[in-house]
Amino acid sequence: MELLRSNLSRVRIPEPTNRIYKQECCVSFDSPKSEGGLFIDMNTFLAFGKDYVGWNYEKTGNPVYLHIKHTKKPTPEDRPSKKPTLLAIGVDGGFENSEPEYDETYNLVMLPDYVSLPFPSVELPEKVRLAVDAVLMAEGAERKETLAAWTADKKQVSAYALNLQQIDNGVIVPPSGWKCAKCDKKDNLWLNLTDGTILCGRRNWDGTGGNNHAIEYYKKTGYPLSVKLGTITADLEAADVFSYPEDDSVLDPLLAQHLAFFGIDFSSLQKTEMTTAERELDQNTNFDWNRIQESGEAVEPIFGPGYTGLVNLGNSCYMAATMQVVFSTYSFCSRYYLTESLKIAFEMAPADPTVDLNMQLTKLAHGLLSGKYSFPALEKDDEVNAAISRNDKQEGIPPRMFKAVIAANHPEFSSMRQQDALEFFLHFLDQVERANGGRPELDASRSFKFGIEDRILCSSGKVAYNRRLDYILSVNIPLHEAINKDELDAFQKLKAVKVSEGKDVSIDEIVRPRVPLEACLANFSAAEEIQDFYSTALKAKTTALKTAGLTSFPDYLVLHMRKFVMEEGWVPKKLDVYIDVPDIIDISHLRSKGLQPGEELLPESVSGGEVEANEANIVASEDIVSQLVSMGFNQLHCQKAAINTSNAGVEEAMNWLLSYMDDPDIDAPISQGRQGVEIDQSKVDTLISFGFQEAVARKALKQSGGDVERATDWIFSNPDASLSSDMDVTSSSNAPASNDTGLPDGGGRYRLFGIVSHMGTSTQCGHYVAHIFKDGRWAIFNDNKVGASINPPKDMGYLYFFERLKS
């Protein structure tokens with residue numbers, strides 16, 4: 001006790017604003033349930049596992065810790081299992097938290113000798129009792145950061161509900177016997193609340209559902225609200241009301257009045273249809289996407305180093321699938337596991353290691369690759385509970401702290417909504433590159449980076465070469481290159497017959513286009529026509545041809561399949577297509593040749609004022625904008641990207657978007673864009689004093705709206721800035737110098753080793769799963785479930801990961 005009293009100055013009573021960690025070690029995935037329990041530093045409120053608390057004592061000198069240990073209670077045999085009715089966990093109607101209950105024990109422990117005192121105890125100093133009580137009563141930092149994961153977004157009141165104009169056309173809706181006014185569908189029917197028309201819902205990606213008559217009616221009439229028949233009961237808030245202009249399920253406070261207008265007595269109706277949210281829930285609980293998840297297969301569980309699952313934190317499967325593949329590469333395995341110990345990472349971390357990316361990446365690497373946490377889920381004492389926690393799956397590790405760091409200040413990834421795995425992958429590599437800035441030997445992201453060169457042939461016969469760096473090769477899917485056209489034609493005829501009869505096409509009858517990967521790669525390098533290209537040779541807009549090639553071949557090549565396209569009316573659509581992907585590919589033919597003998601470069605750019613005048617007249621290409629919007633980008637941002645790259649192509653526009661999407665003026669109207677930015681000479685001089693060329697400094701300030709800090713960041717993000725001018729001209733009379741110096745390069749033969757597959761109608765919903773080839777076999781990583789893959793869906797990938805073969 002005297003030892004504790006002598007260290008009272010190192011004990012703090014937490015303030016309400018303090019973050020208190022009491023569920024997970026900040027350098028490992030140890031928890032109170034671990035064998036050694038968890039030690040909470042009573043000065044910093046950081047938590048450490050038994051093997052790591054000594055490191056914290058050595059680093060900080062803080063001697064007083066609250067030790068928390070959870071011991072599992074026996075589970076009652078008669079505990080019922082309820083089917084969830086809400087997309088939520090830990091609330092009435094939501095998923096049950098099926099974890100067993102635990103007894104909790106607390107002790108005060110003083111290092112370095114691990115002297116232990118029981119808590120609670122009246123003999124403890126009052127300051128210690130108050131501090132421990134405050135820690136135990138406080139909401140844990142981990143809980144605060146993930147609480148939003150357990151409840152889905154609440155529906156909002158529609159902006160069209162309160163002033164909805166209903167048409168009195170004498171329509172009275174019967175209590176049953178409904179049918180679509182356009183076809184013979186008798187389920188998935190929606191009542192338009194403006195005029196009482198009953199129409200079928202949208203067609204699902206697999207051919208099931210309706211025939212799109214309800215949404216087509218909205219496009220024709222503009223009538224905004226519909227309610228799904230079969231979901232109307234006395235509980236009107238549970239009814240499925242959809243707003244077409246808001247493109248979401250909404251609340252209609254006047255639904256009773258709107259229904260009565262068509263003679264509907266909601267109090268007597270029974271529920272016969274699932275709501276949109278319930279259908280989504282049903283997909284999440286039943287996992288109907290059998291092919292990708294291999295649901296019908298007897299998957300053998302795998303445990304051990306490199307086979308650790310990741311707990312879904314709430315729509316975090318996009319992150320889990322991506323990180324499993326990333327840490328299957330030697331570059332990231334070596335950087336954060338083989339050559340980086342947890343202790344070294346902790347010693348190099350700031351005072352709070354939970355906010356240090358290097359520390360959390362090292363923690364995640366050791367968690368995934370060491371095998372320490374890869375073992376069957378908790379064994380039960382009796383066979384009755386075996387159905388709740390089978391030992392064919394593992395508990396996995398929760399990547400909470402990593403997610404908090406990598407998503408910090410990012411409006412989308414910091415949310416609990418589903419995200420695009422591609423966008424996350426690019427964001428992740430960008431953060432890794434920034435964290436290792438100036439130390440390329442430590443930057444594992446470089447193993448994915450490569451150079452792309454665009455050759456633009458002007459109608460004058462002269463050429464321009466533009467180079468950029470990228471982490472992914474994004475390719476279109478040319479459906480006209482499908483190798484099963486006869487089967488597709490037969491299927492379309494069958495489908496037409498079924499639709500005319502008001503029947504659905506069964507899943508077994510669906511035929512999807514099958515396109516070879518070679519055709520997708522050929523499409524990438526094929527000549528593309530550029531409209532409204534400003535030629536410095538002709539000093540006018542003209543049409544040019546653009547071809548693309550790679551200036552370097554990375555250690556790991558990532559192919560992004562553009563499965564999401566924009567249909568007429570700006571409606572995003574997912575291509576339901578198979579891609580024939582071989583295990584070995586050769587992309588040697590994609591190597592860029594650079595400036596060829598006899599080619600003449602376009603003249604240098606005209607004076608700045610003339611360039612700005614021409615830029616101001618450029619209109620964004622609708623084709624480029626629509627393709628970018630289909631990937632989930634904001635339409636205004638896409639228009640700016642097209643304009644600022646002179647409509648050079650989707651790749652250039654996307655590269656611009658990824659560079660400027662965080663700019664504060666990105667949402668400013670186009671008429672207030674950066675063309676009219678006046679460059680302050682003092683700011684130019686400031687950048688020159690940093691060692692940058694004047695021309696580069698001026699361009700960077702123009703690109704960043706005159707902000708020196710953003711201009712500096714732009715220069716570092718565009719290492720070729722001093723070598724090139726705007727996208728429509730080249731600034732050198734010689735062959736353009738390479739901007740990929742120092743990047744990995746080698747032969748063009750690659751082996752497929754990873755697949756990230758997506759199920760759902762858009763990248764912002766559905767589910768992601770990873771398949772990885774390791775130890776001579778394919779394995780499936782489905783959140784915390786890891787097993788031997790029997791039939792990996794090589795033809796259904798969204799992202800394909802290839803490793804360069806050694807020659």
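Which residue in E17 is the bridge partner of Glu528? In this predicted model, that partner is Lys546. Another bridge joins Ile530 to Ala544 of E17.

**The sheet**

E16 and strand E17 (residues 540–550) are paired in the antiparallel sense over 6 bridges. These strands form a hairpin with 4 residues between them, and Lys539 in the turn has a positive phi of about 55°.

The hairpin strands belong to an open sheet of 4 strands, ordered E13-E12-E17-E16 with antiparallel pairing. Strand E13 (463–470) and strand E16 (528–535) are the edge strands, each pairing on one side only. From one strand to the next, the twist averages 35°. Helix H20 (residues 650–660) packs on this sheet and touches strand E12 (450–457), E13 and E17. The direction of H20 makes about 45° with that of E13.

**The annotated site**

An unreviewed UniProt entry carries the annotation "active site" for Cys317 and His767. The two are spread over 451 residues of sequence but cluster in space, with a largest C-alpha distance of 6.4 Å.

| Residue | Element | Relative accessible area |
|---|---|---|
| Cys317 | helix H9 (residues 317–326) | 2% |
| His767 | strand E24 (residues 767–774) | 5% |

Cys317 is classed as buried because its relative accessible area of 2% is under 20%. His767, with 5%, is also buried. Leaving aside neighbours within four places in sequence, Cys317 is in contact with Asn312, Gln418, Gly766, His767, Tyr768 and Asp783. The contacts of Cys317 thus include the other annotated residue, His767.

Definitions and conventions. Residues are numbered from 1 along each chain as its sequence is written. This is a predicted model: local features need pLDDT of at least 70, side-chain atom pairs count only at pLDDT 80 or more; totals for chains, interfaces and linings use all residues. Side-chain values use heavy atoms; hydrogens and water are left out. Two strands pair if DSSP finds at least two bridges between them. Axes are lines fitted to C-alpha atoms, for helices over the stretch in contact, and angles run from 0 to 180 degrees between N-to-C directions. Contact means heavy atoms within 4.5 Å. UniProt positions are given in the numbering used here, feature names are shortened, and annotations may be inferred rather than shown by experiment. Buried means under 20% relative accessible area, exposed over 50%, partly exposed in between (1.4 Å probe, protein chains only).
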